[in-house]
Amino acid sequence: MSKIKSLISFTVGAAGGLLVSKYRTYEPRLEALEQEKGKYYRYYQLLNQWLAYRQQGRSAAEYLEKKGYRSAAIYGMGLLGERLFDDLRGSAVEVRYGIDKMSDGTPRNGLKMINLEGAFEEVDCIVISPFLDYSPIEELLYGKIQGDILALDEVIDGLGEVD
């Protein structure tokens, strides 16, 4: 009986040690996945708020126009950037170009595209669509135009302040 208890204790201890070892291996990945989940939840919240405004017949253009912006560029032409371009199309705010670090200069949906090395035409503002990465992107853009640099969430949140 003593040998069986010893064997069981050894097996349970070994299994426990293996689980702890595997957890420590996967812990950094789990933390990264948690951060990624938080990022997409923030994007979901913004899109939900934006959709609610759109259902009320409102547009991001309202905020930009109220602030006096008549021309803009969009940094980040992923899904959020494309939605912003669609939202501003046909408004008094002219989107002159999109900026994407991976751009080869090929226009997208009729919009001129440049990368960070391209010639930045003067605009009243650049709206950064990947708003969670605002600070490092703002540093990349600083000094490339005389206008303001805004985050997309600032624009959408700002619709709540527009009468």
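**Exercise 1. Where is D153, and what surrounds it?**

Where is the place of D153? Work out its element, its burial and its contacts.

*Solution.* A word on the ground rules: this is a predicted model, in which local features need pLDDT of at least 70, side-chain atom pairs count only at pLDDT 80 or more, and totals for chains, interfaces and linings use all residues. Residues are numbered from 1 along each chain as its sequence is written, and side-chain values use heavy atoms, with hydrogens and water left out.

Step 1: D153 sits in helix α5, residues 152-158. Helices here are DSSP runs of H or I with at least four residues, strands are E runs of at least two, and both are numbered from the N terminus.

Step 2: check burial and charge. D153 is buried and has no salt bridge. Buried means under 20% relative accessible area, exposed means over 50%, and partly exposed lies in between (1.4 Å probe, protein chains only). A salt bridge needs a side-chain nitrogen of Lys or Arg within 4 Å of a carboxyl oxygen of Asp or Glu. The nearest side chain of opposite charge is R42, 4.3 Å away; for charges, Lys and Arg are positive, Asp and Glu negative, and His and the chain ends are not counted.

Step 3: list the neighbours. Leaving out residues up to four places away in sequence, D153 touches R42, L46, F131 and G158, where contact means heavy atoms within 4.5 Å.

**Exercise 2. Put the sheet together.**

In which order do the five strands form the open sheet? Then look at how β1 is placed in it.

*Solution.* Step 1: the order is β3-β2-β1-β4-β5, with parallel pairing. Two strands count as paired if DSSP finds at least two bridges between them. The edges are β3 and β5, each pairing on one side only.

Step 2: go through the pairs. Five bridges join β1 to β2, and here S71 stands opposite E94 while I74 faces G98. On to β4: its parallel pairing with β1 runs over four bridges, with A72 opposite C125 and Y75 opposite I128. Another four bridges join β4 to β5, where I128 has A151 as its bridge partner.

Step 3: follow the chain. From β4 it crosses through α4 to β5 in a right-handed β-α-β crossover. Right-handed means that, with the strands pointing away from the viewer, the path from the first strand over the helix to the second runs clockwise.

Step 4: look at the side chains. Five of the five residues of β1 are buried, so this strand is largely enclosed by the rest of the structure. S71, A73 and Y75 point one way, A72 and I74 the other. The chain then gets from β1 to β2 through α3, again by a right-handed crossover. In β4, C125 and V127 point one way and I126 and I128 the other, and all are buried.

**Exercise 3. Why do the buried residues of α4 lie on the same side?**

Find the buried residues of α4 and explain their placement.

*Solution.* Step 1: in α4 (residues 134-141), Y134, I137 and L141 are buried. They cover an arc of only 70° around the axis, which is why they end up on the same side of α4; the arc is that of the directions from the helix axis to the C-beta atoms.

Step 2: see what they pack against. The partners are β1 (71-75), β2 (94-99), β4 (125-128) and β5 (148-151).

Step 3: check what comes after the helix. G143 follows α4, and its phi is positive, near 90°.

**Exercise 4. Sort out the salt bridges.**

How many salt bridges does a search of the whole structure find? Take three of them and check how buried the partners are.

*Solution.* Step 1: the search finds eight.

Step 2: D87 and R54 meet at 3.1 Å, N to O. D87 is in helix α3 (residues 79-88) and R54 in helix α1 (residues 2-55), 33 residues apart. D87 is buried because its relative accessibility is 9%, whereas R54, at 40%, is partly exposed.

Step 3: R58 and E62 have their closest N and O atoms 3.2 Å apart. R58 is buried at 15%, and E62 is partly exposed at 25%.

Step 4: E121 and R96 meet at 3.6 Å, N to O. E121 lies in the loop between β3 (113-114) and β4, R96 in strand β2, 25 residues away. Both are partly exposed, E121 at 32% and R96 at 27%.
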